Structures are given as C-alpha cells and as structure tokens.
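Student: I would like to go through this model one feature at a time. Please reason each point out before giving the answer.

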Amino acid sequence: MPTVVSASAFRDMVDAARRGERSFTVVDTRPTDDFESWRIADSINYVYKPFHEFDLDAFERETGLSASDTVVTTCAKGKASLDLAAELEAAGYDEVVAIDDGMRGWSAVYDRVRVPLPDAGDDPLDVVQIQRRAKGCLGYLVVGGRETPDDSRVAVADPDDSRVAVAIDVSRHGEEWRAAAAAHDAEIAAVLDTHVHADHLSGGRALADELDVPYVLPAAAADRDVAYTFEPLDRNETLDVGGVDVKALATPGHTDDMASYLVGRSAVLTGDTLFTDSVGRTELQFAAGGEGETTGETGTEEAADVGAADPEATDPETAGAREGAERLYDSLHGTLLAEPDDAVVLPGHFSVANDGTTGDVTPGEPVATTVGEARTGIDVLDRDRASFVERITATLPEKPPNYESVIAANRGVESPPDEVSAIELELGPNRCAAETGPEAGADD
C-alpha cells in the first residue's frame, strides 16, 4: 500500500526540499487544463484515471522518471493519485507518496508566522500572519495586552486574564486563528474583514458566531448590499485591543468598502490596496454586477459622460476599473504612503502564479514590506494620477475562479450548499493584484 501523507506533511516535505535536505518529483494526474491553470510548483502532468490500464513504459517516457526516483502523486481529490501511486509501487518504485485529498487538501494548508515589528512602545503587541500557502491569501491575528477597565473600548475579551486579540481576514478555516490565539494566551474579542472578498470565502462571520463576538466590516460595506448583520467600523474609528489601537483607514479603490487597519505605531494591514510588489486591481466589484452603483469623485454621471466620447467606457467593468483606479490612487498617496516610512506594510495576499511559484516570497516567512520600501520600490507608485490609472487598467488580469459566486457568498446573498461545494468554489490562486509591470499585456 503506498504511503499517504497529509497536505500539511507534504508542505514540510516541500520546505525540506527547499533547504536541500531531500528531493522528489510531484506527478499531477488531473486533466491538462486544470493542471495549467493551477498546480504545485515544479510538478509535472501525467493525465491518469483510476482503474484504467496502466502503461509503465508510457509513464516513464512521458515523465522521464524511473524506479530510482522518489515520486509524490496528486490529483483533484486524492483518488486518482492514490491509484497511480499503487500502480507505481507494484511496478517496483520504492518511494511513492500520495497526497491525501489531493489539491483540495493542498488548498487548505497554512503557515502561522510571527511578524517582526519596529518598537511598539510600552504596549504589548504581537502580530501573527496566517498564510494560506497554495492560494496566497494572508490573514492576521493582532494580539494586545490583558484586559483593562476602560468601558469605552470596542473589543473586549472575557475577563479571564487572557490577552486580547482581534482576527482579521479570516478564511473558512477559522481554527487556524483560534490556534494562533491559544499559542499567545489570547482570547479573540472581535473578527474583522478588510472588505467583501472576491477570491476566497470569508470565515469571519462564522468564527465570530462560534466565539459569540462582534463581526466587523468597514461601514461602507453597507452600500454593497451585504445581507447579514455586522458591526460597522467608520473611517478613523479606533478599536482598543488590550491597550493597542487598531484604527480603520478608509482606502477604497480595490472595492468601495476597502479599509486598511493601522496597528499602533508599528504596522498597517493593507488588505487588497497595497501589496509588497504591486497594488490591488479595481474592477472585480463592478464586473460581478448587482451591487449598487459606483461612488466617489468621478461618480456614475461622469462615467456616463466619458462613455459618450468613448463607447468602451460605457461597459460597467471598464468604467468601474477606471473609477476604482482613481480612488485607489488617492487612497495610496493620500493615506497609506503618508504613514511613517518604517511602518510595516502587511498585505492581504501574495502572488501565486498558475505554475505554483511565488516569486520573491518564501512561504513560511513573513510577507511584508515598509511604507518607505513600497514608495521607492513599486514602480507604479511613481506615476501621476492619470498615468497610474492608465497603467493599472491597461490590461485586466484573469479573474479569480468563480469570483462572482464568491462575492455573492461573502455578501450573504448566496451560500454553498455543502462543504464540498465550498471547497471547489474557491480552488485556485488569488488574483487580486493589478498587472503593473512593463510586460502587462499577457494573462498571469
């Protein structure tokens, strides 16, 4: 019987291979189109269906592998890959491993990483970055000190002498945030989202319900027809998290409701507004449709005037992308880049390419930059307003898988019927960054 390892154990194998401590080849049995759209880095494709006749010569000819190689198999759900692993073992391969639950399992692998921060002053402060490795989604646990008797604070934990924490941008796997809180002797006192997400199903509301604590969204989310109850956080409103201020900064652009959270004097959680190497894309809210009208300085009336001269601009996605880009420019230059240069920028995602690579990011290590480094290192931030808008709307990247249904679920107007449907709805990497590079003419 082949060895079956959990996706988390496979993550440890990947990290060991990165350190040069072992080697193996991942063979992905899914159809070629699925493989090309999202896969584990450095894997190879060998299309295989369970219980079909296995041709060892054809396998070795197509993959270049032999019985002396260590092979790890994966597929969509772990069934075809387990069957292939059994065939290889029967054919004399000594080291064959199958990933339990295949790519569905890989999609749910996390790393919890403590973020180094500059001097936080006298207040106790820990920030844990919770990385969803295969999708590139980033969430956070902000941990302050013990409870204080200040009745005006918004986030209050049970009086059991635990540290106070808030969970931010929680995925469906809320147990990761609970485990992070337990590791810091903390109670989660509130759950926040930076915005209505388009690339993954938020677990924020579910976690808040489990813990019986407030679920918080930026106040502007009310204008996106969110169908469930939440506590609105206004622009510049501050939560007291065990003596640490968490301040809501309105940073619309990626979406109308987008907010960033300034943590004490040390860090700013920028959601999908500012990444370590790029900025947020600006059309997904409008491409999904059915969420009310665009707002802001340009407004829908001006968008219609533009459309009279440029028929393409009458398309809601195009008009929404340009208006969002104008608002994003103001949010970046008027708000985020006005913070101190040494403030740590903690984004909502890192990029995972279709081939599974993560660029300069090493999963399991902090994904962060600083305001100063972003200002000087991200080329598109050097542009004036008009040039910025043209650059990030010139080519709209490939949409996240099932993004319309994901947005609808996160607004509370739809719901996956079961866990399997939820898993399949959000498979694949995030695609929330704009294409800002000089070669932005191709899909990512």
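Student: In what order do the five strands of the open sheet stand?

Tutor: The model is predicted, so side-chain atom pairs count only at pLDDT 80 or more. The sheet is open and has five strands with parallel pairing. Their order is 1-5-4-2-3.

Student: Which strands stand at the edges, each with a single partner strand?

Tutor: A strand with a single partner has one side left without a neighbour in the sheet. This applies to two strands, one covering 3–5 and the other 44–45. They are strand 1 and strand 3.

Student: Which residue in strand 5 stands opposite valine 5?

Tutor: Strand 1 and strand 5 (residues 96–99) run parallel and are joined by three bridges. Within strand 5, the residue opposite valine 5 is isoleucine 99.

Student: How many bridges join strand 2 to strand 4?

Tutor: Strand 2 spans residues 25–28 and strand 4 spans residues 71–74, and the two run parallel. Threonine 25 has valine 71 in strand 4 as its bridge partner. The number of bridges joining the two strands is four.

Student: What is the bridge partner of valine 27 in strand 3?

Tutor: Strand 2 also pairs with strand 3, in the parallel sense and over two bridges. In strand 3, valine 27 has as its bridge partner isoleucine 44.

Student: Turning to charges, how many salt bridges does the structure hold?

Tutor: A pair counts when a side-chain nitrogen of Lys or Arg is within 4 Å of a carboxyl oxygen of Asp or Glu. By that criterion the structure holds a number of salt bridges equal to 27.

Student: Are aspartate 28 and arginine 30 buried or exposed?

Tutor: These residues form a salt bridge, with the closest N and O atoms 2.8 Å apart. Buried means under 20% relative accessible area. Aspartate 28 and arginine 30 are both buried.

Student: How many residues apart are arginine 112 and glutamate 176?

Tutor: Arginine 112 and glutamate 176 form a salt bridge whose closest N and O atoms are 2.9 Å apart. Arginine 112 is in strand 6 (residues 110–114) and glutamate 176 in helix 6 (residues 175–183), so the pair links distant parts of the chain; the separation is 64 residues.

Student: Does glutamate 176 count as buried or exposed?

Tutor: Its partner arginine 112 has 44% relative accessibility and therefore counts as partly exposed. Glutamate 176 has 16% relative accessibility, so glutamate 176 counts as buried.

Student: Which parts does the salt bridge between aspartate 330 and arginine 385 tie together?

Tutor: The two side chains meet at 2.9 Å, N to O. Aspartate 330 and arginine 385 are 55 residues apart in sequence, and the parts tied together are helix 10 (residues 316–334) and helix 12 (residues 385–393).

Student: What relative accessible area does arginine 385 have?

Tutor: Aspartate 330 is at 29% relative accessibility, so aspartate 330 counts as partly exposed. Arginine 385 is also partly exposed, and its relative accessible area is 29%.

Student: Which residues are linked in a network of salt bridges?

Tutor: The network is made of arginine and aspartate residues. Its members are Arg11, Asp12, Asp15, Arg18, Asp111 and Arg133.

Student: Which residues form the negative surface patch?

Tutor: Patch residues have over 30% relative accessible area and no salt bridge. Aspartate 57, in helix 3 (residues 56–63), is at 55% relative accessibility and so counts as exposed. The patch is formed by Glu53, Asp55, Asp57 and Glu62.

Student: What is phi of aspartate 42 near?

Tutor: Most residues other than glycine have a negative phi. Aspartate 42 lies in the loop between helix 2 (32–37) and strand 3, and at 71% relative accessibility it counts as exposed. Phi of aspartate 42 is positive, near 70°.

Student: Where is aspartate 212, another residue with a positive phi, found?

Tutor: Phi of aspartate 212 is near 55°. At 71% relative accessibility, aspartate 212 counts as exposed. Aspartate 212 is found in the loop between helix 7 (204–211) and strand 11 (215–218).

Student: What distance separates the C-alpha atoms of alanine 259 and lysine 247?

Tutor: Alanine 259 is found in strand 15 (residues 259–263) and is buried, with a relative accessible area of 3%. Lysine 247 and alanine 259 are twelve residues apart along the chain, and their C-alpha atoms are separated by 9.7 Å.

Conventions. Residues are numbered from 1 along each chain as its sequence is written. Side-chain values use heavy atoms; hydrogens and water are left out. Patches are made of residues with over 30% relative accessible area and no salt bridge: like charges are joined within 9 Å, nonpolar side chains (Val, Leu, Ile, Met, Phe, Trp, Tyr) within 5 Å. Accessible areas come from the Shrake-Rupley method with a 1.4 Å probe; for residues, only the protein chains shown count as cover. Lys and Arg count as positive and Asp and Glu as negative; His and the chain ends are not counted. The place of a charge is taken as NZ of Lys, CZ of Arg, CG of Asp or CD of Glu. Buried means under 20% relative accessible area, exposed over 50%, partly exposed in between (1.4 Å probe, protein chains only). Two strands pair if DSSP finds at least two bridges between them.
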